[in-house]
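Student: Please take a close look at the aromatic rings of this model. Show me how they are arranged, and follow the connections from there.

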Amino acid sequence: MTQTLADVYPQFLDDLTYHSLLRPSTLRSYRYELAAAAKDNRFQKPVSNLELSAIEDWIARDQPAKSTLSRRAATFNRFFKWAIQQGFCQYNPLDGRSPTRVDRRLPRPIQRQADQQAIDDAIRGVPQPYRLIFTILRETGMRVGEVLDLRVGDVVLDSGREGLRIREPKNRMERMVVLGATSTPQTIRGLRAHLRKMNKPQDHDILFRSSRGTRVSYDAAHYQWGKLCRTAGLTDETGKPRYTLHQLRHTRVSEL
C-alpha cells in the first residue's frame, strides 16, 4: 500500500513529540508546513516518488525570506530521514542539496521614544492575560515562546529572589531571568496578581491560558499585538503593524 505525505506526516510528528528534544515552537512549525504541503497536488503521490523539483517549488513558494526557505527545507529534510527509517522511502530527495545561507540580521530596537511610549501606554489597555504577557516581554526581553511556555512552577516570587525559570530556551541551556523591583516592577506586580486569581494552581499548570483553558498560542499573541499596534497608531498604510512583537526583545536588550 502506497503512503502519501498526508498519510504519514502525523506519525512523524508524534514520533518527534515523544522521542526528540525539539522545542514546541519548532514542532508547531513542522506541523504547519507539512499539513499545508499534504493538501497540495504536488504531494498527492507516494512519499517514495516525491522528487526534489516538486519539493523545491513548494518551499520556494511566495518568494520567502532566506530564513523561511531554510526552515522549510529543514522540515522536509528531517521528515525524509525519518521516512527512510520507517521504510516509506529509500532515499532523501534533499541529500546533496546546497544549504540556504541565512544572513545574520542586526537587532532592530524601536528607536523612536514616542513610539516606545505609545506602545507602553497601549499595553495598559490590553485585556489579560495578554497585558501581562506583553509587560513581561517589554520589561525582561524574553522571547515570545519562552513566555508562553511558562508554567506556574517556573515563577519564583520570594522577596529578593524573584525570577522566571526558562526550561526550553532556544540554545537549550536552562536559565533564570532575574526580576527586580527597579528593573521589572510591573512584571512582579502583575505576576503576583495573576497567581492570586488562578484557582489553586499546580506547579505543572500552564501560566497563561486562553478563554478555553488551553495554552495561549503564538498566533493569539500576535493577533493581540496587531490590535495593540492599531490602537497605538503604529501601522503602515496597509494596516500592518509597524513593529513586530519580537522587537520588544531587541528594544529591552538595547536599553539594558
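Tutor: Buried means under 20% relative accessible area, exposed over 50% and partly exposed in between, with a 1.4 Å probe and protein chains only. This is a predicted model, in which local features need pLDDT of at least 70 and side-chain atom pairs 80 or more, while totals for chains, interfaces and linings use all residues. Residues are numbered from 1 along each chain, and side-chain values use heavy atoms, without hydrogens or water.

Rings of Phe, Tyr and Trp (its six-membered ring) pair if their centres lie within 6.5 Å; planes under 30 degrees apart are stacked, over 60 edge-to-face, the rest tilted. By this rule there are nine aromatic pairs. In one of them, the ring centres of Phe 12 and Phe 79 lie 5.4 Å apart and the planes stand at 90°, so this pair is edge-to-face. Phe 12 belongs to helix H1 (residues 5–19) and Phe 79 to helix H4 (residues 66–86), so the pair ties together parts that are 67 residues apart in sequence. Helices (H or I, at least four residues) and strands (E, at least two) are DSSP runs, numbered from the N terminus. Phe 12 and Phe 79 are both buried.

Another pair is made by Phe 43 and Phe 76: the centres are 5.6 Å apart and the planes at 20°, so these rings are stacked. Phe 43 sits in the loop between helix H2 (24–38) and helix H3 (52–59), and Phe 76 in helix H4, so parts 33 residues apart in sequence are tied together here. Phe 43 is buried, at a relative accessible area of 1%, and Phe 76 is buried with a value of 1% too.

Phe 12 and Phe 79 also appear in one aromatic cluster with Tyr 30, Phe 80, Trp 82 and Phe 88.

Aromatic residues recur in the largest nonpolar core, a set of buried Ala, Val, Leu, Ile, Met, Phe, Trp, Tyr and Cys joined through side-chain atoms within 4.5 Å. This core has 37 residues, and those touching the most other members are Ile 119, Ile 133, Phe 134, Leu 164, Leu 191, Phe 208 and Trp 225. Two or more residues come from each of helix H5 (113–123), helix H6 (130–140), helix H7 (144–148), strand S2, helix H8 (185–197) and helix H9 (218–231). H6 gives the most, with six residues. A second, separate core of 26 residues includes Tyr 30, Ala 37, Leu 50 and Ala 73.

Back in the largest core, Trp 225 is in contact (heavy atoms within 4.5 Å) with Ile 119, Phe 134, Pro 241, Tyr 243, Thr 244, Leu 245 and Leu 248, leaving aside residues up to four places away in sequence.

Leu 164 leads to the sheet: it lies in S2, opposite Val 155. The sheet is open, with three strands in the order S1-S2-S3 and antiparallel pairing; strands pair if DSSP finds at least two bridges between them. S1 (155–156) and S3 (175–178) are the edge strands, each with a single partner, so one side of each has no neighbour in the sheet. S1 and S2 (residues 163–166) are joined by two bridges, and S2 and S3 by four. One bridge to S3 links Gly 163 with Val 178. Six residues separate S1 from S2 in a hairpin, and Gly 160 in its turn has a positive phi of about 85°.
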